[in-house]
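Morning, everyone. Let me walk you through one protein model today. Have a look at it first.

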Amino acid sequence: MNIFNVISILGGLSMFLFGMRMMGDGLKESSSGTLKNAMEKLTSTPLKAFFTGLVMTAVIQSSTATIVITSGLVGAGMIPLAQSLGIIVGANVGTTVTGQIIRLLDLNSSGTSFLQFLNPSTLAPLALIIGIVLTMGKQFRGADKAGRICIGFGILFSGLLNMTDAVSGLTESGIIEELFSNLGENPLIGYLVGAGVAFVLQSSSATIGILQAFSTSGQLTFGSIYAVLVGIYLGDCVTTAIVCNIGAKPDAKRVGMINIMFNLGKSALVLAGVTIVHQMGLLDGIWSSTIHSGGIANANTIFNLACAILLLPAMGLLEKFSHKIVKDEPAAENRSQELLDTLNPVFVSTPALAFARCYDVLMAMYEMARTNIDRAYELIGNYDAKVVAQIEEDEESIDLMADRVSNYLIQISAKVTDTEHVEIMNQYYSGITEFERLGDHAMNIKEIGEALYKNDAVFSETARAELDILHLLINTILDYTRDAFEKRDVSAARHIEPLEEVVDDMVEVLKENHLGRLREGTCGVYAGTEFLNLLSEMERISDICSNVGVATVARVQPEMRHQVHEYVSMLHSGRDELFNREYQEAHNEYFAMLKEMIS
């Protein structure tokens, strides 16, 4: 053994870990929407939850990711803690799939041509070739993600082969034989070594993969590595629990704690079971026999599956213990704080889940701003200090939500590569700005109401009637705005622009009418000034709704994002028949109301 063997092993390990991370990230990104839907819908019974955790972990190649996402969903209130128990057990079984894939090293490539294709020495370059072709060619939607998955798979196996070749140098030196014979004589040391390596690498799959690479030396036995396998379970789940605790609510933290207790129970069962069976002489045939990659994978799978069967019925007890360990926090003071708590950092690596949390907060911002607009308008001529206090309190919540969701989107942006996710991010950034501005205009209308009350000024009956018609039109636009954003409804979004044009026309007419009343002396100067201010606020609200509608259309039709001004100009220049028809119908309807009021 020399320094070059060590460099080769470390280089192979680096490639292996990077390939696993790259492949796992690609799988998580491509399946994040499916993962979210499955975890929300397929956890109604412990057995369904178990298979959900198993399948999802097998797909994304990471029990840590599955359990961390589960923790986030529990913290967000999307699934109850009790329904997460089966997912935890299933995730621990699902992670054994990686070892079964790595066991392909055991295949004898001298056999049929089919087996030779499955050998890692063929699979690695083949996966890299396919990945490069997909990434560079991008022949179809999602080709880039599929390419990254293939490249990660190829790098993973290339690193594994590199480690395997380097291990042969260590085999001749006798280091491996001495190391693992000592572990076999002292299971506690083996257990701690497995836990320590898994904790450092933050992956049980990677640690078991390294063990499988060392097995090619032909000097590992079942008796020397079973305790290492069991230790790996604890090391990996400690990392998971730490991540689950970052900025999490109590139930989310309990998910990580239950995972630790489950793995401690699993460790105790395996260590006790193997010791008892060995003492009975039932393991004599394999105890000192050479164990290869396939044997390690099988032992890992059997240990996890057997413990899942034994411990799944007892998971309710672990849930009760978790409540004693992790205490409840005081209930959130309001709905906005509850929503902000759902912006959990654990979702950041899974954009589909993170965007869903942002969506909930943005919808709450819109509803609060919309409600404040109605409240503020009612203050005109009907002042109420309690309503003023409520508007101001909700405005603070809107501002806080805007800051928090904006910062959260910045965190997500580092993980966003998919085109669809980029479009969502663009729309949500726009939504933050526009919904916060809606709240600001509600505050401005509130201040107009306060000013009128303090100066004992009122609008004339005619002025108030005109404003009511404009307010009705604004509410119609706000309804379409909500539907456009909430449902990504392009039809609703297209209804906004012609109505916004009618608002502009009506504001001009109401200004002229009001100036006439000022000249006639039927309206006071102070009230007259505030009337004009109120018209400006109404017009700006309709402009904001127009921006939300255009952003919705741009999300559904990304090619339009860089042609927004041209699109709006085209509509207002009369070159769109649908716009022209809707504008004329709305103009006739609302101006007929004005005419009827005057007559």
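How much accessible surface does the protein have, and what share of it belongs to carbon and sulfur atoms? The accessible surface comes to about 26300 Å². Carbon and sulfur atoms account for 58% of that. Keep in mind that this is a predicted model.

Now the overall build. The protein has 25 helices and zero strands. There are 599 residues, and 51% of them count as buried. Next, contacts. Take those between residues at least 6 apart in sequence. Of these, 80% join residues at least 24 apart.

Let's pick one helix. H15 runs over residues 293-311, which is 19 residues. From first C-alpha to last, H15 reaches 27 Å, close to the 27 Å expected at 1.5 Å a residue. Several H15 residues are buried, among them Ile296, Phe303, Cys307 and Leu311. Polar names are on that buried list too, including Ser293, Asn300 and Asn304.

Over to the surface. Which residues form a nonpolar patch there? Ile189, Val193 and Val197 do, with about 200 Å² of accessible area together. Ile189 sits in helix H10, residues 187-201. Why does Ile189 count as partly exposed? Because its relative accessibility is 42%, and partly exposed covers values between 20% and 50%.

Now charges. Side chains of opposite charge can pair when their charged atoms come close. The structure holds 12 salt bridges. Here are three of them.

Start with Asp360 and Arg357. Their closest N and O atoms are 3.2 Å apart. The two residues are three apart in helix H18, so about one helical turn separates them. Asp360 is partly exposed, at 29% relative accessibility. Arg357 is buried, at 4%.

Next, Arg517 and Glu466. Here the closest N and O atoms are 3.1 Å apart. This pair links distant parts of the chain: Arg517 is in helix H22, Glu466 is in helix H21, and they are 51 residues apart. Are these two residues buried or exposed? Both Arg517 and Glu466 are buried.

Last pair: Lys487 and Asp483. Their side chains meet in a salt bridge at 3.9 Å, N to O. They are four residues apart in helix H21, so again the separation is about one helical turn. Lys487 counts as exposed because its relative accessibility is 55%.

There is also a network. Salt bridges that share partners join Arg370, Asp374, Asp479 and Arg482.

That's my tour. Thanks for listening.

Notes:
Residues are numbered from 1 along each chain as its sequence is written. This is a predicted model: local features need pLDDT of at least 70, side-chain atom pairs count only at pLDDT 80 or more; totals for chains, interfaces and linings use all residues. Side-chain values use heavy atoms; hydrogens and water are left out. Buried means under 20% relative accessible area, exposed over 50%, partly exposed in between (1.4 Å probe, protein chains only). Contact means heavy atoms within 4.5 Å. Accessible areas come from the Shrake-Rupley method with a 1.4 Å probe; for residues, only the protein chains shown count as cover. The expected span of a helix is 1.5 Å times one less than its number of residues. Patches are made of residues with over 30% relative accessible area and no salt bridge: like charges are joined within 9 Å, nonpolar side chains (Val, Leu, Ile, Met, Phe, Trp, Tyr) within 5 Å. A salt bridge is a side-chain nitrogen of Lys or Arg within 4 Å of a carboxyl oxygen of Asp or Glu.
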